[in-house]
Amino acid sequence: MSGSSASLQPPADAVKPVRHPDAPAPGDLLGAHYEHCFGCGPGQPHGLHLEARAGEGVALTAEFTVQPAHQGAPGLAHGGVLATALDETLGSLNWLLRTVAVTGRLETDYVRPVPVGTTLHLAAEVTAVAGRKIYSRAVGRLDGPDGPVAVRADALFVEVKVDHFIDHGRPEEIRAAMSDPDQVRRARAFEVNP
Ligand SMILES: CCCCCCCCCC(=O)SCCNC(=O)CCNC(=O)[C@H](O)C(C)(C)COP(=O)(O)OP(=O)(O)OC[C@H]1O[C@@H](n2cnc3c(N)ncnc32)[C@H](O)[C@@H]1OP(=O)(O)O
């Protein structure tokens with residue numbers, strides 16, 4: 001059974017998403033947007049280390065291998081960790097739009113358990129944009145990109161200004177991220193907002 005709530009249905013005036021001309025080429029790895037991101041950052045020993053790769057249009061694929069640190073029930077991935085994998089994958093789509101946005105709503109269907117050691121193959125796309133609202137969906141499969149569906153999500157991201165992070169984040173982390181020598185990571189976090 002599946003079906004997302006009314007607030008995840010794009011309104012009548014929603015438009016198709018437009019891939020930014022400077023978006024990474026299809027097949028390119030996106031890389032981590034922040035060293036300490038629990039979803040993708042290399043500086044998080046127990047993080048997901050999710051790797052996303054640009055697709056065609058405003059779509060991408062990602063992979064995440066479930067580690068022992070990600071268990072909920074014995075030998076199985078924790079549901080919150082799987083939601084994180086979906087959130088991170090969906091959030092990465094915003095780099096293809098060159099929009100800074102945060103998750104407003106994330107609805108997840110858990111279809112099959114995901115064992116430790118499994119690589120989850122995720123695919124996500126933006127379906128519509130309405131003003132600051134970005135509608136997207138993702139699916140995660142076992143055993144390969146065409147394997148059985150394990151998880152699904154529909155989401156609404158909301159575009160924010162860089163002030164969102166400056167106003168709400170801790171100054172020490174904001175300062176460190178702003179002085180990250182990796183220009184792409186800096187741009188993804190702070191410099192792409194109009
Ligand atoms: C820098 C690179 C980032 C890469 C991210 C990687 C993946 C990780 C993604 C995340 O996990 S982000 C962290 C988790 N999310 C948050 O911490 C967000 C916390 N929430 C907020 O900061 C605010 O609630 C939010 C910015 C989402 C919205 O507040 P605003 O005051 O800016 O907007 P507003 O409340 O006016 O809502 C704007 C529109 O979105 C709609 N909306 C907002 N939240 C909604 C919601 N939860 N459900 C449905 N609709 C929602 C709202 O109804 C409205 O629709 P209309 O324009 O049609 O009136």
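Two strands pair if DSSP finds at least two bridges between them. Keep that in mind for the first stop in this predicted model.

**Stop 1: the paired strands.** Select strand 2 (59–65) and strand 4 (119–130). They run antiparallel, and seven bridges join them. For one example, pick Ala62, whose bridge partner in strand 4 is Leu122. Now add strand 5 (133–141). Strand 4 also pairs with strand 5, again in the antiparallel sense, over nine bridges. Here Ala128 stands opposite Tyr135 of strand 5. Follow the chain from strand 4 to strand 5: the two form a hairpin with two residues between them. Gly131, in the turn, has a positive phi of about 60 degrees. While the strands are on screen, look at the side chains: in a regular strand they alternate between the two faces of the sheet.

**Stop 2: the nonpolar core.** Which residues touch the most other members of the largest nonpolar core? Select Ala85, Leu90 and Leu93, which do so in a core of 43 residues. Among the elements that each supply at least two residues of this core are strand 1 (51–54), helix 1 and helix 2 (94–97). Strand 6 supplies the largest share, six residues. Stay on Leu93 and show its contacts: leaving out residues up to four places away in sequence, Leu93 touches Val58, Leu60, Ala124, Val126 and Ser136.

**Stop 3: the ligand.** Select the 19 residues around the ligand; Ser7, Gly91, Val102, Gly104 and Arg105 come nearest. Helix 1 (79–92), strand 3 (101–110), strand 6 (149–159) and helix 5 (183–191) are the elements that give two or more residues to this shell. Strand 3 gives the most, with four residues. Colour the shell by residue type to find six nonpolar, seven polar and six charged residues.

**Stop 4: an annotated stretch.** Select residues 75–135, which an unreviewed UniProt entry annotates as "domain: Thioesterase". Over this stretch the chain is 30% helix and 41% strand, and the end C-alpha atoms are 33 Å apart.

**Stop 5: two positive phi values.** Select His49, in the segment before strand 1. The phi of His49 is near 50 degrees, a positive value in a residue other than glycine. Is His49 buried or partly exposed? His49 counts as partly exposed because it has 18 C-beta neighbours inside 10 Å. Then go to Asp143, in the loop between strand 5 and strand 6. The phi of Asp143 is positive too, near 70 degrees, and Asp143 is not a glycine. Asp143 has 12 C-beta neighbours inside 10 Å, so it counts as exposed.

How values were computed: Residues are numbered from 1 along each chain as its sequence is written. This is a predicted model: local features need pLDDT of at least 70, side-chain atom pairs count only at pLDDT 80 or more; totals for chains, interfaces and linings use all residues. A residue is near a molecule or strand if its C-beta atom, placed from the backbone, lies within 6 Å of it. Ala, Val, Leu, Ile, Met, Phe, Trp, Tyr, Cys and Pro count as nonpolar, Asp, Glu, Lys and Arg as charged, and the others, Gly among them, as polar. UniProt positions are given in the numbering used here, feature names are shortened, and annotations may be inferred rather than shown by experiment. A nonpolar core is a set of buried Ala, Val, Leu, Ile, Met, Phe, Trp, Tyr and Cys residues joined through C-beta atoms within 7 Å. A residue is buried if 20 or more other C-beta atoms lie within 10 Å of its own, exposed if 12 or fewer, and partly exposed in between; C-beta atoms are placed from the backbone. Two residues are in contact if their C-beta atoms, placed from the backbone, lie within 7 Å.
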